[in-house]
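Reader: Hello! Could you take me on a close look at one part of this model, the metal site, and tell me how it is put together?

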Amino acid sequence: MTNDNHNRQTARTGFPCPNCQGFIETTAVNLLITRSLFCPSCGLRLDIDVANSRRAFDALRKINEAQRNLEEKSKFGTN
Ligand SMILES: [Zn+2]
């Protein structure tokens with residue numbers, strides 16, 4: 001754990017694994033690019049079918065909202 005201070009403002013975004021509830025770290029952009037994710041906790045592969053999956057869109061929207069919230073917090077929270 002040597003990067004803590006460097007990563008202080010880079011809050012993690014992602015969602016809980018549907019299988020093990022472990023945190024799957026990703027970003028909306030990453031989801032769109034990769035279209036598949038692996039849970040680091042249990043190894044579950046998630047294929048993101050953006051065209052057909054409402055859940056994927058929902059996840060994307062939540063991630064985007066989370067990122068926006070974080071951006072606004074970092075904008076206004078000047079320490
Ligand atoms: Zn998992």
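Author: Happy to! The four donor atoms around the zinc ion subtend angles of 105 to 114°, and the arrangement is therefore tetrahedral. For four donors, that label requires all angles to lie between 85 and 135 degrees. Please keep in mind that this is a predicted model.

Who supplies the donors? The SG atoms of C17, C20, C39 and C42 coordinate the zinc ion, at 2.3 to 2.4 Å. Along the sequence, these donor residues follow the spacing C-x2-C-x18-C-x2-C.

Two of these cysteines are worth a look for their surroundings. C39 has a relative accessible area of 2%, so this residue is buried, because buried means under 20%. C42, in contrast, is partly exposed, with a relative accessible area of 35%.

As for confidence, the chain has a mean pLDDT of 77, and 73% of its residues reach 70 or more. Strand β2 (residues 23-25) has the highest confidence, at 90, while helix α1 (residues 28-34) has the lowest, at a mean of 76.

Strand β2 also leads us to T13, a residue in the segment before β1 (14-16). Setting aside neighbours within four places in sequence, T13 is in contact with F23, I24 and E25, and also with T26, T27, I63, Q67 and L70. With T26 there is a polar link too: the side chain of T13 reaches the backbone oxygen of T26 at 2.6 Å. T13 counts as buried, at 8% relative accessibility.

Terms used
Residues are numbered from 1 along each chain as its sequence is written. This is a predicted model: local features need pLDDT of at least 70, side-chain atom pairs count only at pLDDT 80 or more; totals for chains, interfaces and linings use all residues. Side-chain values use heavy atoms; hydrogens and water are left out. Donors are N, O and S atoms within 2.8 Å of the metal (3.2 Å for Na, K and Ca); water is not among the atoms, so sites may look incomplete. Four donors count as tetrahedral if all angles lie between 85 and 135 degrees; four count as square planar and six as octahedral if opposite donors are over 155 degrees apart and all others between 65 and 115; anything else is irregular. Buried means under 20% relative accessible area, exposed over 50%, partly exposed in between (1.4 Å probe, protein chains only). pLDDT is the predictor's confidence in each residue, from 0 to 100. Helices (H or I, at least four residues) and strands (E, at least two) are DSSP runs, numbered from the N terminus. A polar contact is a pair of N or O atoms within 3.5 Å; within protein, one must be able to donate a hydrogen and the other to accept it, and residues adjacent in sequence count only if both atoms are side-chain atoms. Contact means heavy atoms within 4.5 Å.
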